[in-house]
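I opened a fresh page for this one. These are my notes, in the order I looked things up.

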Amino acid sequence: MRAARYYGKEDVRIVDDVERPTCGEGQVRVETAFVGICGTDLHEFMGGPNFSPTSPHPVTKESIPITIGHEFSGTIKELGKGLEKSGLKVGQKLAIQPTIYCARCGACENGAENACLNGGFVGLSGGGGGLSEEVVVPAEACLPLPDNVDLDIGALVEPLAVGWHAVDASPIADIKEPKCVVFGGGPIGLAVVQVLLARGAKLVICVEVAKKRQEFAKEFGAHHVIDPTKQDVVATALELCGGQQPPDIAFDCAGVPQSIETACKVVKSRGAVVNVAIWEKSIPFNPNWLVFREASYKGVLGYQKKDFEGVIKALGEGKIKPAPMITSRIQMDRLVDDGYWALIKEKDKHVKILVDMRAGLSDTAKVVSSSAP
């Protein structure tokens, strides 16, 4: 079958000789529909391999080259043995939770399989990927979509689940009429904005530098947008909250030194800072930013099944309407030029580029290398 494969730094190829996976007991064969390109994919492409295993992965036993694509939707093509009473059925629309975990380490024993010491993701760590005609995954990874949620929206469930997990880990449920600040207007920051609104936040402020992303934040419902190059974030946020009590919670989705310092300083006494970003390197950090406020700092990672379920329920009820996140749709043979390089060179123009796996490939697209244009 045809698939996109990651070989290393700036080397992604579309090949047509990948063996079709077999569907074993407790597994589901999925015909892929739409695949989102993630920031992690771009980091692997530009500077990897990082997540992608160069030696056999402890769970999948695979190493590069591997099939890629971890934000994806599809339909059930085949059910393996033992799933007769699972509620799953052939033809059903799905979002796929791509979490890979060992079920043996301390994190897994603590119910934190998203932080598995041997973990990974389908489409990043082996085990197939969404950028292929078919993929076989465990039944527990298959989350049915409501009839009113289309497959393109299904491919957005994964990034939205990151936002849901972050909000769920915050003290939002314990605060009456919570006021929140989101640092960063990229895909994950916009996901957090949408989830906060769906979860009843009274006030959502987004802090973002790029003009286009400021516009996206407003489109997705942020009540106010602060440009930190033009305004004092701490003072402005306090004023927007009424001038007496600062924001209750800050979510750092930007992952830059300035954002984490400001996030710590913007929250109220005994407020909370939730770190959503993944940091590429160490940064200066002064604990007094939190100590003098008796504020708390919470790190979150990825998502769990309950987060996918929460997002899908909210989508079905119309509480989250993420369609405008899709800023481009491409065919798989254009993955590198119109996908990766578009996001790298025009990152402020896009939120989410989807690969339409059901669209035909051009006649010349037998093998595509990733040489920079």
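What is the volume of the second largest pocket? I got about 400 Å³. I kept in mind that I was working with a predicted model.

Next I checked the walls of that pocket. I found 17 lining residues, and T99, I100, Y101, P138 and E140 are the ones nearest the centre. Strand 7 (99-100) and strand 9 (134-138) each give at least two residues to the lining. Strand 9 has the largest share, with three residues.

Then I looked up the UniProt record. An unreviewed entry there lists residues 24-147 as "domain: Alcohol dehydrogenase-like N-terminal". In the model, I see that this span is 10% helix and 30% strand, and its end C-alpha atoms are 28 Å apart.

On to a sheet. I traced three strands in the order 2-1-4, an open sheet with antiparallel pairing. Strand 2 (11-15) and strand 4 (66-67) are the edges; each has a single partner strand, so one side of each has no neighbour in the sheet. I looked closer at strand 1 (residues 3-8) and strand 4: they run antiparallel and are joined by two bridges. Y6 has I66 of strand 4 as its bridge partner.

Last, helix 1. Which residues of helix 1 (residues 39-47) are buried? I noted D41, L42, E44 and F45. They sit on the same side of the helix, because the arc they cover around the axis is only 160°. I also wrote down what these buried residues pack against: strand 1, strand 2, strand 3 (27-36) and helix 11 (335-345). So strands 1 and 2 of the open sheet turn up again here.

Technical notes:
Residues numbered from 1 in each chain as written. Predicted model: local features only at pLDDT ≥ 70, side-chain atom pairs only at ≥ 80, totals over all residues. Heavy atoms only, no water. Pairing = 2+ DSSP bridges. Helix = DSSP H or I, 4+ residues; strand = E, 2+ residues; numbered from the N terminus. Buried < 20%, exposed > 50% of the residue type's maximum accessible area, 1.4 Å probe, protein only. Arc of directions from axis to C-beta. Contact = heavy atoms within 4.5 Å. UniProt positions renumbered as here; feature names shortened; annotations may be inferred. 1 Å grid on protein atoms, 1.4 Å probe; cavity = no way out; pocket = protein on both sides within 12 Å on 5 of 7 lines; lining within 4 Å. Points joined across faces, edges and corners; volume = space filled by probe spheres on them.
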